[in-house]
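Student: Please give me a close look at one part of this model's interior. Keep it brisk, with cut-offs.

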Amino acid sequence: MLSERSEASGALIARQLHEVLGVLDAGDRHGFQRYLATEFQPDKVALRTAAERYLADTAVEAAAALARAADPPRQELLRRINMAPGGTGALIAMRSELASCLRGEPELKLLDADLKHLFASWFNRGFLELRRIDWQTPAAVLEKLIAYEAVHEITGWDDPRRRLAPDRRCFAFFHPALPGEPLIFVEVALVDGLATAVPPLLSQDTDEAAARQRAVRADTAVFYSISNCQSGLRGVSFGNFLIRQVVEELESEFPQLKHFSTLSPVPGFRRWLGQRLANGGDLDAALLPELERDGWWNDPAQGEKLRAPLLRLCARYLTRQPSIRIDPVAHFHLGNGARLERINWLGNNSPRGMRESFGIMVNYLYDRDTIEDNHKAFLRGTIVHSQEIDALLKADAVRLHPCHPNNMPTPNKGG
C-alpha cells in the first residue's frame, strides 16, 4: 500500500485490507496492531542525517527536512487505510481496542499516539456538524443516544421522549465520515434559576403545552449531561466547541436566557475523600463510619449532620491546584472557562450518584463575558469560584486551623 503510486490502486488495496481486517478474530487483530506499532518506524540513518544537518544549520528548510524524516511511515499507512470506505470507523475501533493493552504493552503507545494525532486533524471543528436531536431524528440515531448516555441512564422510550420535550434540547456533533454516528452529545434543560438536583430534570412530565410555556419563561439553560460516544476518540476535544456553539444556538432561539450553567457530577470525590479519611489522620476521619453506613441519605437527621462537612470537603476537593490531578469533570469545565458556582447537596441520590460523590452535584457557570479570563486564570493555577464556594472554603480553613482569624471570638465592644 505504501509503495503504490496510483491513488485508485491504493484505494483498492486499502479496501481489500479493510475487508481482511474485518474478518480477523481479536487475537489476530492484536497481532496486526503490534505489527503496525513495531515495524513502521522512521529510517534511523535518514533521521540521524537530518538531525545532524539541522544542528549544523538551523534554517527553516533543515527543520522541515528533520520533521519529514521523523514522521513514521506508520502514519502514512494509517492515512491510506483511511481511504477505504469505512476506514475511519475501523481506525477508531482499532484505537478503542488498544486502550486495554497500553499498560502491559507500552510499544503500542506509538500506534495509539499516531492515531490520536491523525484524529485531532481529521476531527477538527471545521469538519464537525452540529445537529439538534429531536423526536423526528431517525430512530437509529436515537437508539445510539440511549446506548451512549454516560451520565444519567436512559430507560425505555418514555425517558428520551421527556428529554426531547419542548423545554429540553439535545445537540450532537457528527462527522461526514461517520454520518449516522454521534461523536458527542449534550442534553439541556430550560428552567428558571440554577437547577440543584437531577430528578426534576428527568421527571416524566407529558404536558407539552406546559413545557412550551416553561421554555418561553426560562431564564437559564442547564447542561445536565455531556456524553462522548466514541471511546476511540478519547483525548480529542469536542466538548468545549460543543458547549459554545450550543450556547449560541440557544441564545438565538431563546433571547430571554440570561444564564448558562451545568449540573455536573463529581466522579472522583468519594474516592478522594475515602483515601484521605482512611488513614485516620484527618480531622474529619470520624465521618468515615457514618458515610459507609448504607442508606444514611434516607435519614433526614443523619443527612443534615453530614451535610456541612461534606459540602466544605467537596469545596476543598474541587479547588485544589490544577497542577494536582483534579476531578475530570471539573477539569473539563474549569479549563473551558466556566466558574465554580455552587455545590448542591444530594442533587443525585441514584446508586451511581451516591457511589461517586455521596449524591453531591455541582453548578459550573458559563458567563460569556468572563470565559476567556477564567480560562487564563485556570492555566495560571487559579480556580475562579463564587462567594458561596468561598464561604465553604473559609469554613474548611477554620476546621483545619482552629486559630484561624475567622475562628477567634469577636472582641467585646461593650462597657
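Tutor: Buried means under 20% relative accessible area, exposed over 50% and partly exposed in between, with a 1.4 Å probe and protein chains only. The model is predicted: local features need pLDDT of at least 70, side-chain atom pairs 80 or more, while totals for chains, interfaces and linings use all residues. Numbering runs from 1 along each chain as written, and side-chain values use heavy atoms, without hydrogens or water.

Start with Cys 170. Cys 170 is buried, at 3% relative accessible area. Cys 170 also helps line the largest cavity (on a 1 Å grid over protein atoms alone, points where a 1.4 Å probe fits but cannot get out; lining residues have an atom within 4 Å of a point). The structure holds 1 cavity of 30 Å³ or more. The largest holds about 100 Å³, as the space filled by probe spheres on the points.

Two or more lining residues each come from helix H8 (139-148), helix H9 (158-163) and strand E3 (184-191) (DSSP runs: helices H or I, at least four residues; strands E, at least two). H8 gives the largest share, 3 residues. By type, the lining has 9 nonpolar residues, no polar and 2 charged. The charged ones are Arg 163 and Glu 187. Among the nonpolar ones are Trp 157 and Phe 185.

Back to the cysteine. The structure holds 0 disulfides (cysteine sulfur pairs within 2.5 Å). For Cys 170, the nearest cysteine sulfur is that of Cys 229, 9.1 Å away. That is too far for a bond, so Cys 229 does not pair with Cys 170. Cys 229 is buried too, at 7% relative accessibility.

How values were computed. 1 Å grid on protein atoms, 1.4 Å probe; cavity = no way out; pocket = protein on both sides within 12 Å on 5 of 7 lines; lining within 4 Å.
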